[in-house]
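Colleague: Please take me through this structure. I would like a reason for each term you use.

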Amino acid sequence: MSNYYELLQKGSDPFSLHFEDLEGRPAFTVKSLTRDPNLVVKVTREALWSQQHPDIMGPENAFLYLGPGDSRGYMVYGNGETVNMAHHLRQKKEGSPSRYFTTLTGKELKWKVTSQKMECIDNRSTVAVWEQPEDGSSARLILKHSTLGYVTELVTTLILNRMALKLNWDT
C-alpha cells in the first residue's frame with residue numbers, strides 16, 4: 001500500500017475538470033450542472049478509483065450552489081446538510097493566504113493558497129499538495145494516505161478555493 005497517491009488534473013477550469021490516477025482511472029470529476037438561475041457544480045468521487053482504495057470513506061459527491069452573480073453560496077456533501085461556502089474559506093488572520101475548513105468528522109484543516117500551488121495542512125503536517133507547473137502542463141494533486149477518510153471533502157475544498165481565486169471572492 002502506498003503512503004501517497006498522485007492524481008493528474010485534466011482541464012484548468014475549476015468549474016469543469018477531472019482528476020485521474022497514474023493508471024488513467026478517473027478519480028474525481030467536476031462538472032457544471034445548471035445555471036438556472038445560479039450555477040450548480042457537482043464534484044464526484046469516481047467509483048472506479050474508489051474501489052482501488054478500501055480505506056476511502058465519506059461522501060461520494062458534493063454540490064456547490066453559487067449565489068447570484070457567481071457569489072459565494074452554499075454546499076452540500078452527498079445528501080447532508082447545507083454548509084455556507086464561507087465556512088470552508090475561513091481566514092483566521094487578515095491578509096493571510098491560508099483558508100480553513102472543517103471536515104464532516106470535525107477535523108480542522110488549512111489550505112495555504114496561491115494561484116500555482118496549494119498545500120493542505122493537518123495540524124503541522126502537509127497531507128496534500130496541488131501544484132500547477134509554470135509550463136502549463138497538467139496540475140498534480142498529491143494525497144497522503146491519511147486523507148482517504150475525507151478525500152472528497154479535501155478535493156471539494158481545493159476546487160472551492162480555486163473557484164474563489166478565479167471569481168476574486170473576498171473572504
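Modeller: Two strands pair if DSSP finds at least two bridges between them. The model shown is predicted. One bridge in it sets K112 against its partner E119 in β10.

Colleague: What makes β9 and β10 a pair of strands?

Modeller: Strand β9 (residues 108-113) and strand β10 (residues 117-122) have four bridges between them. The rule asks for at least two, so the two strands count as paired. Their sense is antiparallel. V113 stands opposite M118 in β10, and a hairpin of three residues joins β9 to β10.

Colleague: Which side chains of β9 are buried, and which are not?

Modeller: L109, W111 and V113 point to one face and are buried. E108, K110 and K112 point to the other face and are not buried. In a regular strand the side chains alternate between the two faces of the sheet, and β9 shows this alternation.

Colleague: What does β9 pair with through W111?

Modeller: W111 in β9 is the bridge partner of R99, and R99 lies in strand β8. β8 and β9 are antiparallel and share five bridges; the cut-off is at least two, so they too count as paired. Five residues lie between the strands of this hairpin, and G106 takes a positive phi near 95° there.

Colleague: Why is R99 called buried or exposed?

Modeller: Buried means under 20% relative accessible area. R99 has 15%, so it is called buried. A polar atom of the R99 side chain lies 2.6 Å from the backbone oxygen of S96. The limit for a polar contact is 3.5 Å, so this distance falls within it.

Colleague: What makes β8 an edge strand?

Modeller: The sheet is open and has twelve strands, in the order β7-β6-β5-β4-β3-β2-β1-β12-β11-β10-β9-β8, with antiparallel pairing. β8 (98-102) pairs on one side only, as does β7 (82-84), and these two are the edge strands. The twist from one strand to the next averages 20°.

Colleague: How do you know how far β4 is enclosed?

Modeller: Strand β4 (residues 39-45) has seven residues, and six of them are buried, so it is largely enclosed by the rest of the structure. On one side β4 pairs with β3 over seven bridges, in the antiparallel sense, and V30 has V43 in β4 as its bridge partner. β4 also pairs with β5, over five antiparallel bridges, where V40 meets Y65 in β5.

Colleague: How many aromatic pairs are there, and what makes Y65 and Y74 stacked?

Modeller: The count is three aromatic pairs. The ring centres of Y65 and Y74 are 4.8 Å apart and their planes are at 15°. Centres must lie within 6.5 Å, and planes under 30 degrees apart count as stacked, so this pair is stacked. Ring pairs also link F63 with Y65 and Y74 in a cluster.

Colleague: Are Y65 and Y74 buried, or what else are they called?

Modeller: Partly exposed is the term between under 20% and over 50%. Y65 has 26%, so it is partly exposed, and Y74, at 36%, is partly exposed as well.

Colleague: Why is the contact of D70 and R35 called a salt bridge?

Modeller: The closest N and O atoms of D70 and R35 are 3.0 Å apart. The limit is 4 Å, so the pair counts as a salt bridge. D70 lies in the loop between β5 (61-65) and β6 (74-77) and R35 in strand β3 (residues 26-35), so the pair ties together parts that are 35 residues apart in sequence. D70 is buried, at 18% relative accessibility.

Colleague: How many salt bridges does the whole structure have, and which residues form one network?

Modeller: The search finds nine salt bridges. One of them joins K117 and E119, with N and O 3.8 Å apart; K117 is partly exposed at 31%. Salt bridges with shared partners join D21, E23 and R25 into one network. Within it, R25 and E23 meet at 3.1 Å, N to O. R25 is partly exposed at 22%, and E23 is exposed at 58%.

Definitions and conventions. Residues are numbered from 1 along each chain as its sequence is written. This is a predicted model: local features need pLDDT of at least 70, side-chain atom pairs count only at pLDDT 80 or more; totals for chains, interfaces and linings use all residues. Side-chain values use heavy atoms; hydrogens and water are left out. Rings of Phe, Tyr and Trp (its six-membered ring) pair if their centres lie within 6.5 Å; planes under 30 degrees apart count as stacked, over 60 as edge-to-face and the rest as tilted. Buried means under 20% relative accessible area, exposed over 50%, partly exposed in between (1.4 Å probe, protein chains only). Axes are lines fitted to C-alpha atoms, for helices over the stretch in contact, and angles run from 0 to 180 degrees between N-to-C directions. A polar contact is a pair of N or O atoms within 3.5 Å; within protein, one must be able to donate a hydrogen and the other to accept it, and residues adjacent in sequence count only if both atoms are side-chain atoms. A salt bridge is a side-chain nitrogen of Lys or Arg within 4 Å of a carboxyl oxygen of Asp or Glu.
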